Amino acid sequence: MTADADPRDATRELEPEIRDEDGRLASGFVDEVAEAISANDAARVRELSGRLHESDLGDLIETLEPDDRPKLIELLGKDFDFAALTELDETVRVQLLEELPPETVARGMRELESDDAVYILEDLDEVDRAKILAQMPALDRVALTRSLDYPEDSAGRRMQTEFVAAPPFWTIGHAIDYIADADGLPDTFYEIFVVDPAYKLLGSVPLDRLLRTRRSRLLSDILEENPRTIRATEDQEQAARMFERYNLVSAAVVDDAGRLVGVLMVDDIVDVIEEEADEDLRALGGVTGDEEISDPVLYTAKSRIFWLLVNLATAFFSASVIGLFEATIEQMVALAVLMPIVASMGGNAGTQTMTVAVRALATRELGSHNARRLVGRETLVGLVNGVVLAVLVGLIAGGWFHSLQLGLIIAGAMVTNLVCAGLFGILIPLSLDKLKADPAVSSGVFLTTVTDTVGFFSFLGLATWWFGLGIGR
C-alpha cells in the first residue's frame with residue numbers, strides 16, 4: 001500500500017459484495033453473516049451488517065434461517081435499525097417481534113417515525129402490542145395508540161404524526177430559526193403547515209418558497225390556501241390516488257373537525273401503491289390479498305381452498321354441458337380432440353379483457369360514463385380476433401381430419417366464443433363492482449365458466465345440428 005493510499009480502500013476490498021449482478025443478496029455475504037451469528041461474533045456481525053440500508057437489512061433477515069433472525073438483532077444491539085422491519089413480510093415480522101423482548105422492541109420503536117412504528121405494531125395481537133406500548137414513554141404511547149385507533153388501511157394508519165406547524169403571524173426568519181433549533185421534528189419534510197390556535201389547517205408553505213422569501217415577511221403572506229388534504233379515516237388507496245392525480249410529495253391529514261393530525265409522505269404512498277397492486281394481482285389468481293411466500297402451509301392452503309371449491313363446482317357445470325352431447329362425441333371422436341381448443345382460446349381472450357377491466361375499475365378509469373363504449377370495443381375486439389383465429393383453426397382442423405365441414409364448424413364456434421369472451425370479460429367485473437364485490441377476486445371463476453360452457457355448447461351443438469347426430473341416448 002502506498003503512503004498516500006486510503007486505508008479504507010483496502011477495507012472495502014475485503015468486504016464481501018452485498019448483492020450479485022441480478023440484484024439478489026449474494027450467497028457468500030449471507031453465508032458470512034450466518035457464520036458470524038453461529039459463532040456469536042458480535043463485532044463481525046456489526047462489521048458486515050451494522051451499516052446496511054434498511055432495505056438490504058430487511059432482505060438479509062428474510063434470507064437467514066428463522067432461528068438466526070432474533071440472534072442477528074441481539075448481536076447488532078444498538079446498531080440494528082428497526083426500520084428494516086417495515087421491509088419484511090408480515091408473517092416474518094410478526095414471528096420476529098414475538099420472539100424479541102418487549103423492552104427491546106419498544107426501544108427500537110422510539111427511534112422510528114410514527115408511521116413506521118404503527119406499520120410494525122399494527123399486525124401484532126392486542127396483548128403483544130400492549131406489552132410493547134407499556135414500555136414506551138407516555139407521549140409516544142399516546143401518539144401511536146391514536147394512530148392505531150384509526151381503521152385498518154386508512155390514511156390515519158399511514159400518516160406520521162411528526163410535522164412542522166406554525167401560526168400565521170410568524171415571520172419567515174422565525175420559522176427558519178425554529179426549524180434549525182427545534183427537537184423532535186421529522187427527519188424529512190417538504191412544507192410547513194400554517195394552523196390557528198385550535199390546529200385548524202389554514203394553509204401550507206413549501207420549503208422552496210420559504211427559503212426564497214425575505215426573513216421579515218409573515219407566513220400568512222406566502223401560504224398556499226386550501227391545500228390538498230386527506231381525511232384520517234379515508235382509505236389509503238383513495239389517498240394514493242390523490243397523490244398520483246395531483247403529483248403530491250406530501251399532504252396534510254386532518255380529522256373530521258378539520259384539525260391537523262398528521263402528514264402523508266410520498267414514500268408511504270409508494271408502499272401503498274405497491275401493496276394495492278400486489279393485492280389485485282394475487283386476487284386475479286384467487287389468492288387472498290395478504291398472502292406472502294413466508295406464510296405456513298396450513299394458512300396458505302386454507303386461504304386458497306374456497307375459490308378452488310367454487311371453481312370445482314363450476315367445472316362440473318361445464319362438464320354437464322359436455323354430457324349432453326355424449327352420443328354426439330361417440331359418433332365423431334374428432335369433436336373430443338378439438339373442443340378443448342375452443343374453450344381454451346375463449347378463456348384466454350376473456351382473461352385479457354377481464355384484466356383490462358379490473359385494472360380500469362381499480363384506477364377509477366372505468367365507470368358509468370364510458371362503460372357502454374368499452375363493452376362495445378371489447379365485443380368488437382373479440383369478433384375481429386375470433387374471425388382471424390377461426391380462419392386459422394378452421395384450416396388446421398379441416399386439413400387434420402380431412403373435413404371442410406368440421407373446419408367450418410370449429411371456425412363458427414371460435415367466433416361465437418371469442419365474442420362472448422370479450423363481452424363477458426367486461427360485463428362480469430362491471431356487475432361484481434356494482435354488487436360491491438371485489439371483481440379481482442371472483443371474476444376469473446365466473447368468466448371461465450362462461451367461456452367453457454359457451455365453447456363446448458357452441459362447438460358440439462353446431463356439430464350435432466350440421467351432421468345430424470343424436471343428442472344423448
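Which residues gather in a patch of negative charge on the surface?

## A negative patch

In this predicted model, the patch of negative charge brings together Glu90, Glu152, Asp153, Asp235, Glu279, Asp433 and Asp438 on the surface. If you would like a place to start looking, try Asp433, which is found in helix α21, spanning residues 404–434. Asp433 has a relative accessible area of 36%, so it is partly exposed. That value also fits its place in the patch, because patch members need over 30% relative accessible area and no salt bridge.

## Helix α21 and Gln405

Staying with helix α21, we can turn to Gln405, which lies in this helix too. With a relative accessibility of 38%, Gln405 counts as partly exposed. Once neighbours within four places in sequence are set aside, Gln405 is in contact with Trp466 and Phe467.

Gln405 also gives a sense of distance in the model. Its C-alpha atom and that of Ala130 are separated by 74 Å, and the two residues are 275 residues apart along the chain.

## Salt bridges between helices and strands

How many salt bridges does a search of the whole structure find? The search finds 15. One of them joins the side chains of Arg44 and Glu32, with an N to O distance of 2.5 Å. This pair links distant parts of the chain, with Arg44 in helix α3 (residues 42–49) and Glu32 in helix α2 (residues 27–38), twelve residues apart. Arg44 is partly exposed at 22% relative accessibility, and Glu32 is partly exposed with a relative accessible area of 27%.

Another salt bridge is formed by the side chains of Glu224 and Arg209, at 3.1 Å from N to O. Here too the partners come from distant parts of the chain: Glu224 sits in strand β4 (residues 224–225) and Arg209 in helix α13 (residues 207–211), 15 residues apart. Glu224 has a relative accessible area of 31%, which makes it partly exposed, and Arg209 counts as partly exposed at 32% relative accessibility. Glu224 is in a salt bridge, and patches are made of residues with no salt bridge, so being over 30% in relative accessible area does not by itself qualify a residue for a patch.

## A salt bridge within one helix

Glu237 and Arg241 offer a pairing inside a helix. Their side chains meet in a salt bridge of 3.4 Å, N to O. Both residues lie in helix α15 (residues 236–246), where they are four residues apart, about one turn of the helix.

Are the two partners buried or partly exposed? Glu237 counts as partly exposed at 21% relative accessibility, whereas Arg241 counts as buried at 9%. The cut-off explains the labels, because buried means under 20% relative accessible area.

## A network of three residues

Salt bridges can also be followed through a group of residues in this model. Arg19, Asp56 and Asp59 are linked in a network of salt bridges.

## Glu122 in its loop

Where does Glu122 lie? It lies in the loop between α8 (114–121) and α9 (126–134). Glu122 has a relative accessible area of 19% and is buried, because the cut-off for that label is under 20%.

Leaving out neighbours within four places in sequence, the contacts of Glu122 are with Arg129, Leu148 and Arg157.

Terms used
Residues are numbered from 1 along each chain as its sequence is written. This is a predicted model: local features need pLDDT of at least 70, side-chain atom pairs count only at pLDDT 80 or more; totals for chains, interfaces and linings use all residues. Side-chain values use heavy atoms; hydrogens and water are left out. Patches are made of residues with over 30% relative accessible area and no salt bridge: like charges are joined within 9 Å, nonpolar side chains (Val, Leu, Ile, Met, Phe, Trp, Tyr) within 5 Å. Accessible areas come from the Shrake-Rupley method with a 1.4 Å probe; for residues, only the protein chains shown count as cover. A salt bridge is a side-chain nitrogen of Lys or Arg within 4 Å of a carboxyl oxygen of Asp or Glu. Lys and Arg count as positive and Asp and Glu as negative; His and the chain ends are not counted. The place of a charge is taken as NZ of Lys, CZ of Arg, CG of Asp or CD of Glu. Helices (H or I, at least four residues) and strands (E, at least two) are DSSP runs, numbered from the N terminus. Buried means under 20% relative accessible area, exposed over 50%, partly exposed in between (1.4 Å probe, protein chains only). Contact means heavy atoms within 4.5 Å.
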